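Please read this report alongside the sequence and the 3D structure shown below.

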Amino acid sequence: MTTDPKLPVLALDFDGVICCSAGEVLLTGLEAYVDMVPSSRFVETLSRFHGTSALDAALIEQDEFSRAFQPLVPLGNRAEDFGVALCALERGAKLIDQQAYDEFYRSLDSDWLSAFHEAFYRCRATSRDQDQASWLRLHRAYEPFVDILHRNCSKMTLAIATAKDECSVRLLLDFFGISDLFTDELILDKDTAIEKQVHLSLIAERTGADMHRITFVDDKVNHLEGVQHLGVRLVLASWGYNTSREVARAEELGFAVATLDTAEPTLFGGTG
Ligand SMILES: [Mg+2]
């Protein structure tokens with residue numbers, strides 16, 4: 001796939017937009033957490049997930065523990081936020097909105113958060129490198145969205161702006177059969193920058209597109225809010241980990257909200 005400077009750009013977050021990694025994130029988060037808090041009652045939860053048939057994305061996603069964990073995910077940004085969510089669950093903290101979450105986050109030791117961040121990526125790399133096939137099976141593509149990208153990839157230049165590492169992203173794009181839709185220079189990962197606004201500025205620079213010709217799709221309202229000042233078109237992907245809380249917030253802020261049924265006309269309707 002080459003980059004045509006005449007085309008508008010569709011910049012996509014990865015997790016929660018292209019890929020459902022809920023099972024992998026929970027498993028990796030638990031591994032990192034138990035590593036750091038060996039006395040945690042989640043040791044038992046982790047053993048259950050590691051047990052025989054449970055290492056399957058769908059089974060983990062449907063687990064009761066996962067259903068308690070998932071609503072906290074949209075309130076965070078980076079790997080350490082999975083540690084924040086697990087801490088909240090262990091302590092029985094009720095984090096009903098962004099303000100409550102942010103206050104809880106600030107109550108935690110910053111060194112502990114940094115150590116969790118490191119532990120999370122260490123655990124992920126270990127799982128991925130030891131048994132890549134099993135690690136890949138912890139993920140699934142949002143198939144209808146992948147089909148939309150295949151059908152429309154000639155209409156826009158596609159880019160990825162993600163907090164994940166590029167190695168994992170490339171493996172998963174291969175696994176989902178869409179690696180050829182993205183050039184290496186337009187996959188911007190956690191090591192390229194922490195903030196999505198830097199990702200989008202680099203995407204504008206590398207494609208030659210003005211900001212107003214870039215559409216950015218993310219499943220986190222706080223990420224969309226963070227780049228609002230750039231003048232890119234913002235779309236919330238509501239098929240990811242979002243709850244009605246995030247959809248209401250996006251609508252309040254005037255962002256477009258797409259479902260898997262409306263994503264094609266919302267993203268590509270006026271570009272043909
Ligand atoms: Mg995401």
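The sections that follow cover the overall fold, the model confidence, two helix pairs and one residue.

## Overall fold

This is a predicted model. The protein contains 14 helices and eight strands. Along the principal axes, its C-alpha atoms occupy a box of roughly 55 × 40 × 35 Å.

For 272 residues, a compact globule would be expected to have a radius of gyration near 19 Å, and the 18 Å of the protein agrees with that. Of the 272 residues, 40% are buried. When contacts between residues at least 6 apart in sequence are taken, 64% of them link residues at least 24 apart.

## Confidence

The average pLDDT of the protein is 91, and 96% of the residues reach at least 70. Among the elements, strand 1 (residues 9-12) has the highest mean pLDDT, 98. The lowest mean, 78, belongs to helix 3 (residues 57-62).

## Helix 1 and helix 2

Two packed helices are described by the angle between their axes and by the distance between those axes. Helix 1 (residues 22-36) and helix 2 (residues 42-50) have axes that come within 10 Å and cross at roughly 140 degrees. This angle makes helix 1 oblique to helix 2, because only angles over 145 degrees would count as roughly antiparallel. The residues in contact are Leu27, Leu30, Glu31, Tyr33 and Val34 from helix 1, and Phe42, Val43, Thr45, Leu46 and Phe49 from helix 2. The crossing of helix 1 past helix 2 is left-handed.

## Helix 5 and helix 7

Helix 5 (residues 79-91) packs with helix 7 (residues 110-130) at an angle of about 110 degrees, and the axes are 7 Å apart. Helix 5 is therefore roughly perpendicular to helix 7, since the range for that class is 65 to 115 degrees. Here the crossing of helix 5 past helix 7 is right-handed.

On the helix 5 side, the contact involves Ala79, Glu80, Phe82 and Gly83. Their partners in helix 7 are Leu113, Phe116, His117, Phe120 and Tyr121.

## Val247

Val247 lies in helix 13 (residues 244-253). Is Val247 buried or exposed? Val247 has 16 C-beta neighbours inside 10 Å, so it counts as partly exposed; a buried residue would need 20 or more, and an exposed one would have 12 or fewer.

Leaving aside residues up to four places away in sequence, Val247 touches Leu236, Ser238, Asn242 and Val257. Arg206 is 41 residues from Val247 in sequence, and the C-alpha atoms of the two are 31 Å apart in space.

Note on methods. Residues are numbered from 1 along each chain as its sequence is written. This is a predicted model: local features need pLDDT of at least 70, side-chain atom pairs count only at pLDDT 80 or more; totals for chains, interfaces and linings use all residues. Helices (H or I, at least four residues) and strands (E, at least two) are DSSP runs, numbered from the N terminus. The radius of gyration is taken over C-alpha atoms; the globule rule is 2.2 Å times the number of residues to the power 0.38. Two residues are in contact if their C-beta atoms, placed from the backbone, lie within 7 Å. pLDDT is the predictor's confidence in each residue, from 0 to 100. Axes are lines fitted to C-alpha atoms, for helices over the stretch in contact, and angles run from 0 to 180 degrees between N-to-C directions. Angles under 35 degrees count as roughly parallel, over 145 as roughly antiparallel, 65 to 115 as roughly perpendicular and the rest as oblique. A crossing is left-handed if the near helix is turned anticlockwise from the far one by less than a right angle, and right-handed if clockwise.
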